[in-house]
Amino acid sequence: MFLLAWLGLHTLVHAGYPQPASSFISDNQRLHYHVLGDGHHTVLILGGGPGFSSWNLTPIQQHLAQGYRVLLMDMRGIGENRHVAFEANQLLNQWVEDIEALRRYEQAGQFILVGHSWGALMAQLYARQHPNRIARLVLINPVDPQRWALQNLVQRIDYRRQLDGLTTDADEWAQHETQDTASLIAQQLTQVMPTYFLDIEQGKHYAKQFSIDDFSLHINHAIWQQYQQNPIEKSDLEALAKRRPIELINCQHDLLMPEALLGYQDFLTDIANQTLDNCAHFPWEENPTDFYSALDRAMNTNPPEDDFSDLSDADRAWLLDDSGLDDLVKALAATQTDVRFLAPFDLSDHYSMTNDITLTEQSLETGWADLIQCHHNLDAVGQLQIVYNPQHTRQIEILSQQHIAFAWVEGASVQMVNLQQGAQICIHAQTWALQKLDKGYLIERGPFMRRFLDGYFPMHVELTINWPDLSIKTTQIVPEPQPGLVVKTDKNALQIDYYFQGQLKPQIYLNTSPRSLFD
């Protein structure tokens with residue numbers, strides 16, 4: 001039985017993408033895609049069918065482009081990429097690798113995947129294959145992995161076709177074998193697409209903007225067959241949900257409801273869901289106000305807390321700076337955490353961190369300053385993260401990296417995998433550096449530590465505070481200068497080198513008066 005698992009529409013005068021295409025190479029083939037926005041995080045929107053062009057999702061792309069870099073493309077063999085070579089029996093795997101090739105070409109550390117209908121399953125298939133490349137999943141009127149929602153879909157479509165006068169022949173579905181492919185697709189556009197709208201007249205109007213080039217019946221059949229051979233399992237979704245936010249946006253009147261929602265809840269009992277009224281399968285067209293509010297909420301859902309229970313001992317070599325992981329620290333509180341200063345050691349053989357903070361006139365008012373932080377001689381481990389306090393750190397970006405297979409910004413953290421000997425990374429961010437006091441200012445950093453299970457490794461931290469063209473004086477340093485804590489100062493900067501084990505939370509007191517501890 002042939003049916004469109006989803007269809008999509010939008011309010012462009014002519015069908016197609018409104019902006020010129022960019023291109024990249026995947027498996028020696030050139031594919032076209034479309035880019036809007038220039039945010040720090042990269043979103044890929046995945047359309048449905050399977051086998052339908054994705055230009056109808058342009059309104060979602062335009063909305064998200066206000067805060068993200070947003071990508072949209074037709075999959076290999078479809079729409080404007082319909083002439084790209086493919087093997088039909090391997091196409092689903094090829095789609096996964098095409099998405100990965102696009103991510104690498106875009107130099108995106110991770111994708112935020114927004115999938116509509118079948119596109120929700122496509123997002124999960126990519127995430128299953130490349131879990132470290134995913135920041136979050138937002139699934140709009142999704143087909144459920146077990147395909148419960150498809151069991152009664154043909155009957156629901158046929159009922160609406162007859163109810164709204166789209167056909168007078170209840171047996172017309174059985175006649176499709178006598179039609180050529182072009183005629184069959186044209187019939188689906190005029191008689192099936194409108195049934196996916198709450199307002200059938202709105203569906204008829206938008207269906208006129210599509211042509212038979214927007215859909216591949218051959219690919220639709222091939223992809224469903226390949227998905228059924230290796231569907232998303234409960235364990236797949238549970239693994240993704242462990243560290244990545246997954247949120248559903250459903251419409252109360254969607255033809256896939258309520259079976260689709262029940263299917264996801266069967267896999268994840270507490271999966272986040274927003275159900276909208278006054279829409280069916282295309283909420284950005286039918287109820288844009290409520291839909292975009294729901295989408296914005298879904299894009300900002302906090303990730304689940306990770307108990308790190310699945311990590312190896314080596315992966316527990318967490319590097320924490322400005323840590324917000326208070327619960328993790330408390331759980332290991334049996335270990336002595338007081339800082340112990342060491343004699344200066346050779347930095348070529350030990351982990352070392354440099355922090356360069358630049359204060360401006362604006363910093364004195366807002367507390368925010370520029371931070372350049374570099375980590376040298378990181379441990380050669382399979383997985384490592386640098387975690388920042390999200391209230392005190394913003395606009396994080398990676399400036400450079402060496403001997404690290406993959407690194408990306410994830411929320412208020414930098415994630416790294418497959419580090420080799422001598423690995424290093426430099427990061428730029430805005431940091432809330434200055435706290436106003438009754439007299440002067442306080443800079444408090446850390447905790448800095450290099451922890452492994454129930455112990456600490458030696459580490460070196462260089463902290464430099466620059467205040468060019470400002471009349472700032474240093475009045476107190478905590479801990480005080482001592483062996484292993486070396487201070488250098490001049491009228492425009494303060495540099496402190498810390499050699500230590502344990503948890504270090506340095507404090508530096510400043511004021512704008514002429515009195516100075518180091519004059």
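Start by selecting helix H2 (residues 91-106) and helix H3 (residues 118-129), whose axes come within 10 Å and cross at roughly 70 degrees. Because of that angle, H2 counts as roughly perpendicular to H3. Keep in mind throughout the tour that you are looking at a predicted model. Now show the side chains where the two helices meet: H2 contributes Leu-92, Trp-95, Val-96, Glu-97, Ile-99, Glu-100 and Arg-103, while H3 contributes Trp-118, Met-122, Leu-125, Tyr-126 and Gln-129. If you colour the residues of this contact by class, you will find 8 nonpolar, 1 polar and 3 charged ones.

Leave H3 selected and add helix H8 (residues 234-243), for the axes of H3 and H8 come within 10 Å and cross at roughly 75 degrees. This crossing makes H3 roughly perpendicular to H8. On the H3 side, look for Gln-124, Ala-127 and Arg-128, which meet Asp-236, Leu-237 and Leu-240 in H8. The contact of H3 with H8 divides into 3 nonpolar, 1 polar and 2 charged residues.

From H8, move on to helix H9 (residues 259-267), where the two axes come within 9 Å and cross at roughly 75 degrees. H8 is therefore roughly perpendicular to H9. Here the residues to display are Lys-234, Leu-237 and Glu-238 of H8, together with Tyr-264, Asp-266 and Phe-267 of H9. By class, this contact holds 3 nonpolar, no polar and 3 charged residues.

Pause at Lys-234, which has its place in helix H8. Is Lys-234 buried, exposed or partly exposed? Its relative accessibility is 38%, so Lys-234 counts as partly exposed. Leaving aside residues up to four places away in sequence, Lys-234 touches Asp-266 and Phe-267. You can also draw a distance line from the C-alpha atom of Lys-234 to that of Tyr-264, which is 30 residues apart from it along the chain, and the separation is 9.1 Å.

Next, select helix H5 (residues 181-192), whose 12 residues reach 15 Å from the first C-alpha to the last, close to the 16 Å expected at 1.5 Å a residue. Buried in H5 are Leu-184, Ile-185, Gln-187, Gln-188, Leu-189, Gln-191 and Val-192. To see part of what covers these buried residues, add helix H4 (153-163), helix H6 (200-207) and helix H7 (217-229).

Now turn to some details of the backbone, beginning with Pro-258, which lies in the loop between strand S7 (246-251) and H9. The peptide bond leading from Met-257 to Pro-258 is cis, with omega near 0 degrees. Another cis peptide bond runs from Val-478 to Pro-479, with omega near -5 degrees, and Pro-479 is found in the loop between strand S21 (473-478) and strand S22 (485-490).

Two asparagines make a useful pair of stops. Asn-28, in the loop between strand S1 (22-26) and strand S2 (29-36), has a positive phi of about 65 degrees although it is not a glycine. With a relative accessibility of 72%, Asn-28 counts as exposed. Asn-141, in the loop between strand S6 (134-140) and H4, also has a positive phi, near 40 degrees, but Asn-141 is buried, with a relative accessible area of 0%.

Finally, zoom out to the whole protein, which has 13 helices and 24 strands, and in which buried residues make up 56% of the 519 residues.

Terms used. Residues numbered from 1 in each chain as written. Predicted model: local features only at pLDDT ≥ 70, side-chain atom pairs only at ≥ 80, totals over all residues. Heavy atoms only, no water. Helix = DSSP H or I, 4+ residues; strand = E, 2+ residues; numbered from the N terminus. Buried < 20%, exposed > 50% of the residue type's maximum accessible area, 1.4 Å probe, protein only. Expected span 1.5 Å × (residues − 1). Contact = heavy atoms within 4.5 Å. Axes fitted to C-alpha atoms, helices over the stretch in contact; angles between N-to-C directions. Parallel < 35°, antiparallel > 145°, perpendicular 65-115°, else oblique. Nonpolar A, V, L, I, M, F, W, Y, C, P; charged D, E, K, R; others polar.
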